[in-house]
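This report describes a sheet, its pairings and what lies around it. The sequence and model come first.

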Amino acid sequence: MIKTPVVVKTEEEFDGRPIALLVQEASQYASTIYIQVGEKNINAKSIMGMMSLSLADGEEITVVTDGEDEQRAAEGIKTFFAKGRK
């Protein structure tokens, strides 16, 4: 299991299209991937779960990956958040 601190970079509200793109990115990996925000622990492969979050630019989250490709998954999700989606 890997826990990776990540700072969200986004130029506008993180909803709709960016969430769909995140779920697509997470679904590429065999590992389980969770996004931790405060006390919430959300499955990154669940569009409904991710819609329940309201992530903002500069917010600190933790990406938790566990499985056979956990290192690649952690890097992929970290890179996704670092790009600053429109």
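Four strands form an open sheet in the order 1-4-2-3, with antiparallel pairing. Strands are DSSP runs of E with at least two residues, helices are runs of H or I with at least four, and both are numbered from the N terminus; two strands pair if DSSP finds at least two bridges between them. Strand 1 (2-7) and strand 3 (40-43) are the edges, each with a single partner strand, so one side of each has no neighbour in the sheet. From one strand to the next the twist averages 25 degrees.

The model is predicted: local features need pLDDT of at least 70, side-chain atom pairs count only at pLDDT 80 or more, and totals for chains, interfaces and linings use all residues. Residues are numbered from 1 along each chain as its sequence is written, and side-chain values use heavy atoms, leaving out hydrogens and water.

Strand 2 (residues 32-37) is joined to strand 3 by four bridges and to strand 4 by five. Both pairs run antiparallel. Residues of strand 2 stand opposite these partners:

| Strand 2 residue | Opposite residue |
|---|---|
| Tyr 34 | Asn 43, strand 3 |
| Ile 35 | Ile 42, strand 3 |
| Gln 36 | Thr 62, strand 4 |

Strand 2 and strand 3 form a hairpin with two residues between them, and Gly 38 in the turn has a positive phi of about 60 degrees. Ile 33, Ile 35 and Val 37 make up the covered face of strand 2, whereas Thr 32, Tyr 34 and Gln 36 make up the uncovered one.

Terms used
Axes fitted to C-alpha atoms, helices over the stretch in contact; angles between N-to-C directions. Buried < 20%, exposed > 50% of the residue type's maximum accessible area, 1.4 Å probe, protein only.
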